[in-house]
Amino acid sequence: MTTVGIRGTFFDFVDDPWKHVGNEQAAARFHQDGLMIVTDGVIKAFGPYETIAAAHPGVEITHIKDRIIVPGFIDGHIHLPQTRVLGAYGEQLLPWLQKWVYPEELKYRDRNYAREGVKRFLDALLASGTTTCQAFTSSSPVSTEELFEEAARRNMRVIAGLTGIDRNAPADFIDTPENFYRDSKRLIAEYHNKGRNLYAITPRFAFGASPELLKACQRLKHEHPDCWVNTHISENPAECSGVLVEHPDCEDYLGVYEKFDLVGPKFSGGHGVYLSNNEFRRMSKKGAAVVFCPCSNLFLGSGLFRLGRATDPEHRVKMSFGTDVGGGNRFSMISVLDDAYKVGMCNNTLLDGSIDPTRKDLAEAERNKLSPYRGFWSITLGGAEGLYIDDKLGNFEPGKEADFVALDPNGGQIAQAWHQSLIAEGAGPRTMDEAASMLFAVMMVGDDRCVDETWVMGKRLYKKG
C-alpha cells in the first residue's frame, strides 16, 4: 500500500447549504492548516494538521501552500464529441445541432479521431479542475469505448454511455433501436463498474427517440438496474413542442420518460429550463435529478433555469451542475458558477415583486441567489449527491476517493489579487468566512486560470504551467 499526506488549507462540505438559510456556514468545513492522509487513492484520515500528523508519523507529506484545496469538480452534463465545436456561432438548439454538432460527432466513428478527441477532452477537464463527469458520447460505440479506456488509464471517474438517437437527425447519424440495445449490452458488460467507470443508458433526448428506442432503454434499465440514465429534458421551446408532436400520448416532456419507466434514482435530465411545477414535484418524489447548465442555456438562448423552484424544500429535486460543452462555451465549472449566479439574480428580480407583484415569492427569490457555499457545494458534494455517487466522492470524508483541486485565489484576471487583498492581506484565508469570500471572488472574477493543481485518487494529474 502507498500512503501519502497532503497538507494545506482545505474547504469542503458536510451538508446542503440550502438547508441552512441564514447559517450556510453550518454546511461547510474549513481547516486553515489541514492534513489529508491518502492510502492507495482513498482518504484514510482528514483534519487539523497537528492532530492528523501526530497520528500518522513518518508519512511523506506534500505541502500545497497559498492555495485553497477543495474537492474535485463534478460536471453532471457534458458532450465528449463536441469539444471541437466549442463556441460555434449563432443558432438556437435544434438548428445548432444540425449545422455544427451532428457533422462533428460523425467523425467519432473513426477510432483515431475519437482517440485524439478523448485525450483533448480529458486534458481540458483536468485543466479546469474537473475530476468526474457524466458525459454523452456519440451514436457510434467507438467513442464510448475510447472514453472509458482513456479515463481508466488516468483513473478518472466517468459516467457515460452510447448515445441513442433514431429520429430528427441526419440519416447517416441515427441508428436503430435494435443496434442501440445490442451495442449497449456489450458496452455495459465490458465497462460498467470496471475500475472507476460507470455506465449510463443514454437516450439523447425524447425529440430524437422513437417509442421503440425508449422501449430498448426501458429493457436495458430493467436488465441492469444499477446503471444510470442520462438524457436531456425541457431545454428549448421548439424542442419541447417537438417532443409532444413525436409523443402525442404524453402530456409533458417528463411524461415521455415516465411512460418507459426511466425516471427514478440515477436518472439525470439535463437543462430543465421549461419544467413545470408539476414535473419538478414528480421528479422530487421519484428521486430523479436535473442538471443545471447555465452557460449553455445562455449561449444557445434557451432560457433561465428556475434554481429557486428546484430547491423548494417541500419538493426538493436532486441537482448537479454541468458545462454542457459544446453548447456551453467553457469547460470550467467555475465559469458555470459565474453564469449560474447571474441566472439566479435575474430570477431573483423576477420574483421579488418589483416587476409583477402577482408573481412575488420572496422565499423562492432568495433561493435563486447563489452564495459561494451554495455554488461550491453544487459542483462538489451536491453534484455527487445528484449523480448518486456521494458514497464515493464529493468531500474529504475518510473512505472516499481522494480527488481534489488546489485553487489559486489570485489566479484569475489581473485585478483579482488586489480584490482578494481586501479579504485577507497576504496570508490567505484565516477563517471559513474569509475562505468563502475568496471563493466567491474566484466564481465571479476568476475562471479556470485559478486552477493550479488537479489531483485524482491522490496523484497529481495537472499542474498549471
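This passage walks through a predicted model, from its domains and cores to selected helices, strands and residues.

The chain is divided into two domains: domain 1 is assembled from residues 1-69 and 396-461, while domain 2 covers residues 72-385. Between the C-alpha centres of domain 1 and domain 2 there is a distance of 28 Å. The contact draws on 35 residues of domain 1 and 36 residues of domain 2. According to the UniProt record, an unreviewed entry, residues 68-460 carry the feature "domain: Amidohydrolase-related". In the model, that span is 42% helix and 16% strand, and its end C-alpha atoms are 15 Å apart.

Turning to the interior, the largest nonpolar core holds 111 residues, and the members that touch the most others are F11, F121, Y257, F321 and F376. Because domain 1 and domain 2 both contribute residues to this core, it lies between them. A second core, separate from the largest one, has 13 residues, among them I43, F46, F404 and A406.

Helix 5 offers a handy place to look at packing in detail. Its 15 residues, 177-191, reach 21 Å from the first C-alpha to the last, close to the 21 Å expected at 1.5 Å a residue. The buried residues of helix 5 are P177, F180, Y181, D183, S184, L187, I188 and Y191. Their cover includes two other helices, helix 4 (141-154) and helix 6 (211-223), together with strand 8 (163-164) and strand 9 (197-203). After helix 5 comes N193, which has a positive phi, near 60 degrees.

Two individual residues help to fill in these surroundings. E150 sits in helix 4, one of the elements that cover helix 5. With a relative accessible area of 8%, E150 falls under the 20% limit and is therefore buried. Leaving aside residues up to four places away in sequence, E150 touches V118, K119 and L122. R167, in contrast, belongs to the loop that links strand 8 and helix 5. Its relative accessible area is 25%, so R167 counts as partly exposed. With the same kind of sequence neighbours, up to four places away, set aside, the contacts of R167 are I174, F207, G208, A209, S210, P211 and E246. R167 and L213 are 46 residues apart along the chain, yet their C-alpha atoms are separated by 9.6 Å.

The strands give both parallel and antiparallel examples. Strand 11 (residues 267-271) pairs with strand 12 in the parallel sense, over three bridges, and S268 faces A289 of strand 12 across this pairing. Along strand 12 (residues 289-292), the side chains of A289 and V291 point one way and those of V290 and F292 the other way, with all four residues buried.

Strand 15 (residues 451-456) and strand 16 (residues 459-463), on the other hand, run antiparallel and are joined by four bridges. Here T454 stands opposite Y462 of strand 16. The two strands form a hairpin with two residues between them, and within this hairpin M457 adopts a positive phi near 50 degrees.

Terms used:
Residues are numbered from 1 along each chain as its sequence is written. This is a predicted model: local features need pLDDT of at least 70, side-chain atom pairs count only at pLDDT 80 or more; totals for chains, interfaces and linings use all residues. Side-chain values use heavy atoms; hydrogens and water are left out. A nonpolar core is a set of buried Ala, Val, Leu, Ile, Met, Phe, Trp, Tyr and Cys residues joined through side-chain atoms within 4.5 Å. Buried means under 20% relative accessible area, exposed over 50%, partly exposed in between (1.4 Å probe, protein chains only). Domain bounds come from an automatic or database domain assignment. The expected span of a helix is 1.5 Å times one less than its number of residues. Contact means heavy atoms within 4.5 Å. UniProt positions are given in the numbering used here, feature names are shortened, and annotations may be inferred rather than shown by experiment. Two strands pair if DSSP finds at least two bridges between them.
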